[in-house]
Amino acid sequence: NLSWLIQTSGDMYVSLKTSPQHRGVCWMMRQDPLQLTVSSPTSTSPRFAQRYALVVLWFATQGDKYWGEKEHWVSSKHECQWYGVECNAWGTVIGLDLGFNELNGILPRELALLPNLQELDVHGNDLQGVIPPGPLHAWTQLRTLRLHMNGFFGNIPTEIGRMTNLRELQVFGNYFQGKIPKEITNLKNLVLLDLYANALTGTIPSGLSQLRPLRELDVHDNFLVGRMPQALCDKKNLNVLISDCWGKVKEVRCDCCTICCEGLPNMRCVDMQTKEIVTVGAPKKKNTKRT
């Protein structure tokens, strides 16, 4: 078990006593009542791997100190019974719903050990750091990724273009910077793309018009400039299009946006059909618990 864990997480991280990987290894090998084992040196038990990934997530986001709901986590229960974990009929983790649950820390790269994940919702927490590229390589089945209302920073990883089954991508309310990666245009199943309230720069890629299913696109409250690509304006199935196209100084020139916004000092958004001031992106807290 130890050799596989070291190979997976790296000797440096496993040896560092304060790391979530070290604490996860100690729990798996000494404290886990189930005492699962790796099948063989060359064949890893999916059950062992997914349990370890979740345990590292627990320690990386200080579950013992901060989480609001933590029922059954790091216990003798099957990980499919842990709060917010969804599994299929074969006991494989396919969903994590931990939004508004006071997670505090980083997303660990060990989440790549959940290759069958279809939904990840960690919005409304206190997560920081960059998005690790490893999981983005592994999550080829992911359909929903909700990272909004956290403290992520850096560029939006180009690896995001590998998740070609993605239908919903919400990263608003973080500190992402740089340009909108052109690799997003690889997400041919994307229906909703919400990038608002970050620090993105440059222009809006015309390649987004190639995303045929795209129904909603929100890029306001960034530092984007230029004209909304005509190809996006010509998309008849794009029902919601929001940018910084209101006020005396229009950062984005857009004749087809359904809602136009402006930044400081006014900070308002206007429905371009009714000319009424509207609220965009109001957070909704969960009122139900899933186990």
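Which helices do the buried residues of α1 pack against? This is a predicted model, and a good place to start exploring it is helix α1, which spans residues 2–9. Its buried residues are Trp 4, Leu 5 and Ser 9. They cover an arc of only 110° around the axis, so they sit on the same side of α1. That buried set packs against α2 (11–15), α3 (20–31) and α4. If you turn to the face pointing away from the buried side, you will find the exposed residues Ser 3 and Gln 7. Just after α1 comes Gly 10, with a positive phi near 95°.

Now let's look at the aromatic rings. A pair of rings is described by how far apart the centres are and by the angle of the planes. Searching the whole structure gives eight aromatic pairs. In one of them, the ring centres of Trp 4 and Phe 48 are 5.5 Å apart with planes at 80°, so this pair is edge-to-face. Because Trp 4 belongs to α1 and Phe 48 to α4 (residues 46–60), the pair ties together parts 44 residues apart in sequence. Both partners are buried: Trp 4 has a relative accessible area of 11%, and Phe 48 has 0%.

Another pair involves Trp 58 and Trp 73, whose ring centres lie 6.0 Å apart with planes at 15°, so these rings are stacked. Trp 58 is in α4 and Trp 73 is in the loop between α4 and β1 (85–87), so here the pair links parts 15 residues apart in sequence. Trp 58 and Trp 73 are buried too. Together with Trp 67 and Trp 82, they form one aromatic cluster.

Key. Residues numbered from 1 in each chain as written. Predicted model: local features only at pLDDT ≥ 70, side-chain atom pairs only at ≥ 80, totals over all residues. Heavy atoms only, no water. Phe/Tyr/Trp six-rings, centres within 6.5 Å; stacked < 30°, edge-to-face > 60°. Helix = DSSP H or I, 4+ residues; strand = E, 2+ residues; numbered from the N terminus. Buried < 20%, exposed > 50% of the residue type's maximum accessible area, 1.4 Å probe, protein only. Arc of directions from axis to C-beta. Contact = heavy atoms within 4.5 Å.
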